[in-house]
Amino acid sequence: MAQALTLVGALLVTAIGVTAAAAPRAQGSDAPGTVWLCRPGQPHDPCSIGLDATAVAANGAKTLVPARPAAASPFDCFYVYPTVSGEPAMNADLRIQPAEIGAARFQASRFSQVCRVWAPMYRQTTRATIAAYPDLNLPAESISTAYSSLKAGFEDYLEHHNHGRPIVFLGHSQGAAMLIKLLSGVVDHDAKLRDRVALAVVLGGDVEVKPRSTTGGSFRHLPVCTRAGEAGCVIAYSSFPGTPGASALFGRPGQGVALQSGQTAKTGVQVACVNPAAPHGGKAALEPFFLATRANAVSTPWVTYPGLYSARCKTGAEGAAWLEVTKSAGAKDKRRVAPVWPGADYGYHLNDANLALGNLVSDVAAAESTWTAAHH
């Protein structure tokens with residue numbers, strides 16, 4: 001597999017715990033107040049640097065795809081990063097370390113083209129803890145610590161930094177699970193705050209709905225998106241090459257990542273899937289973006305592979321749903337595809353965001369336009 005993709009495994013070890021290990025003990029917070037991983041105007045902000053990409057076609061032809069942060073977007077993005085902390089304790093402290101910087105750059109930085117990205121450090125459950133609980137049925141204390149820390153950061157952001165601006169929420173894996181709890185507990189029941197939600201992108205966290213409905217599971221009022229350019233809704237999916245197995249950690253209700261947000265029901269709910277390339281449904285081409293490495297032989301920070309992937313949402317038995325990603329190009333196309341790693345129960349989880357990052361940025365831009373038209 002290409003180094004550009006194996007880098008993902010080293011950088012975003014999201015919810016990894018293939019073998020059980022001794023559970024770390026809880027640890028007190030090392031720093032008071034909000035520590036900002038990403039904040040508009042912050043020097044060396046990982047959420048707003050190095051956005052130029054090289055598009056590599058099936059025949060090897062390369063084209064520059066320039067990109068820059070928006071000079072003065074009226075929208076904020078609030079980003080919650082996935083499980084990356086390598087600290088030995090049950091929950092991470094608030095120190096900014098290379099793992100968090102890498103996650104922010106890999107997943108959130110390209111959204112700076114369409115919004116001002118804010119990302120608080122939070123006391124997430126560490127990789128060591130998740131290794132001790134490979135089914136993701138984590139200790140309540142660990143989840144509570146992570147969520148309380150994130151909630152405090154969001155409340156600080158609302159009180160001191162937001163100034164009534166519309167918000168796009170972004171989260172993946174553990175970050176998505178914490179975002180589900182935040183949206184459910186703080187935003188969904190507050191009509192005025194909910195009206196400021198331009199879009200929520202909640203990936204690899206198992207947003208749930210009632211069968212044949214757009215709400216009623218994770219959220220009472222916030223619906224999943226059903227059409228292109230829709231605002232005030234949720235894009236959610238977990239990506240797999242085929243039907244997630246019975247023990248899959250994503251895409252099945254009441255197990256795996258769903259437990260991190262307190263969603264334990266296995267019946268009466270359906271995991272949500274919204275195709276970022278076709279929110280209205282059907283199959284469509286993905287626009288993947290990955291951080292480039294030397295193996296890509298490009299001079300830009302990013303590389304993209306037009307026409308390599310397509311995807312459609314599928315549903316299965318027992319409330320399962322997933323974004324089925326397939327290689328669109330023919331046998332002569334030698335561009336590398338994303339790995340299923342570290343095993344079948346994860347599918348393409350480590351690349352949920354990046355397989356469709358171009359689509360997601362476009363979805364945010366379209367939702368912002370719709371939101372603006374409705375509020376002016």
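User: What makes the link of C273 and C313 left-handed?
Analyst: The angle about its S-S bond: this is a predicted model, and in it the link of C273 and C313 has -75° there, which goes with the left-handed form.

User: How do you know that C273 and C313 form a disulfide at all?
Analyst: Their sulfur atoms are 2.1 Å apart. A pair counts when the sulfur atoms are within 2.5 Å, so this one qualifies. C273 sits in the loop between strand 11 (270-271) and strand 12 (284-285), while C313 belongs to strand 15 (residues 309-315), so the bond ties together parts that are 40 residues apart in sequence.

User: Why is C313 called partly exposed?
Analyst: Its relative accessible area is 28%. Buried needs under 20% and exposed needs over 50%, so C313 falls in between.

User: What makes the disulfide of C38 and C47 right-handed?
Analyst: Here the torsion about the S-S bond is about 65°, so the disulfide is right-handed. The sulfur atoms of C38 and C47 are 2.0 Å apart, and both cysteines are buried. The link of C225 and C233 is right-handed as well, with 90° about its S-S bond. The S to S distance of C225 and C233 is 2.0 Å, and these two cysteines are likewise buried.

User: How many disulfides does the count come to, by this rule?
Analyst: Four disulfides. Counting the bonded cysteines along the chain, the pattern is 1-2, 3-4, 5-6, 7-8.

User: Happy with the cysteines. Which are the edge strands of the open sheet of six strands, and what makes them edge strands?
Analyst: The sheet has the order 1-5-4-6-7-9, with mixed pairing. Strand 1 (36-38) and strand 9 (234-237) are the edge strands, as each pairs on one side only. On average, neighbouring strands of this sheet are turned by 20° against each other, direction ignored.

User: How do you know that strand 1 and strand 5 pair, and in which sense?
Analyst: Strand 1 and strand 5 share two bridges, in the antiparallel sense. Pairing asks for at least two bridges, so this pair meets the rule. W36 stands opposite P120 in strand 5.

User: And what about strand 4 and strand 5: which sense, and over how many bridges?
Analyst: Strand 4 and strand 5 are parallel, over three bridges, with F78 opposite W118 in strand 5. Strand 4, helix 2 (residues 98-108) and strand 5 also make a right-handed β-α-β unit. Elsewhere in the sheet, strand 6 (residues 167-172) and strand 7 (residues 197-203) pair in the parallel sense over six bridges, and I167 faces V197 in strand 7.

User: Why is strand 5 said to be largely enclosed by the rest of the structure?
Analyst: Four of the five residues of strand 5 (residues 116-120) are buried, so the rest of the structure largely encloses this strand.

User: Which residues have the most contacts inside the largest nonpolar core?
Analyst: F78, F111 and F169, in a core of 103 residues. Helix 5 gives the most to this core, with nine residues. Helix 5 (residues 174-187) lies across strand 4 (76-80), strand 6 and strand 7, running at about 140° to strand 6. As for F78, leaving aside residues up to four places away in sequence, its partners include W118, P120, I167, F169 and L182. In soluble globular proteins, nonpolar side chains tend to be buried together.

User: Now some backbone details. Why is H163 called exposed?
Analyst: Its relative accessibility is 67%, and exposed means over 50%, so H163 clears the cut-off. H163 lies in the loop between helix 4 (140-162) and strand 6. Its phi is near 55°, a positive value in a residue other than glycine.

User: Is S173, with its relative accessible area of 0%, to be called buried or exposed?
Analyst: Buried: the limit is under 20%, so 0% settles the matter for S173. S173 also has a positive phi, of about 60°, although it is not a glycine. It is found in the loop between strand 6 and helix 5.

User: What makes the peptide bond from W341 to P342 cis?
Analyst: Its omega is near 5°, and the bond is cis. P342 lies in the loop between strand 16 (321-327) and helix 7 (357-375).

Technical notes:
Residues numbered from 1 in each chain as written. Predicted model: local features only at pLDDT ≥ 70, side-chain atom pairs only at ≥ 80, totals over all residues. Heavy atoms only, no water. Buried < 20%, exposed > 50% of the residue type's maximum accessible area, 1.4 Å probe, protein only. Axes fitted to C-alpha atoms, helices over the stretch in contact; angles between N-to-C directions. Contact = heavy atoms within 4.5 Å. Right-handed = clockwise from strand over helix to strand, strands pointing away. Core = buried A, V, L, I, M, F, W, Y, C linked by side-chain atoms within 4.5 Å.
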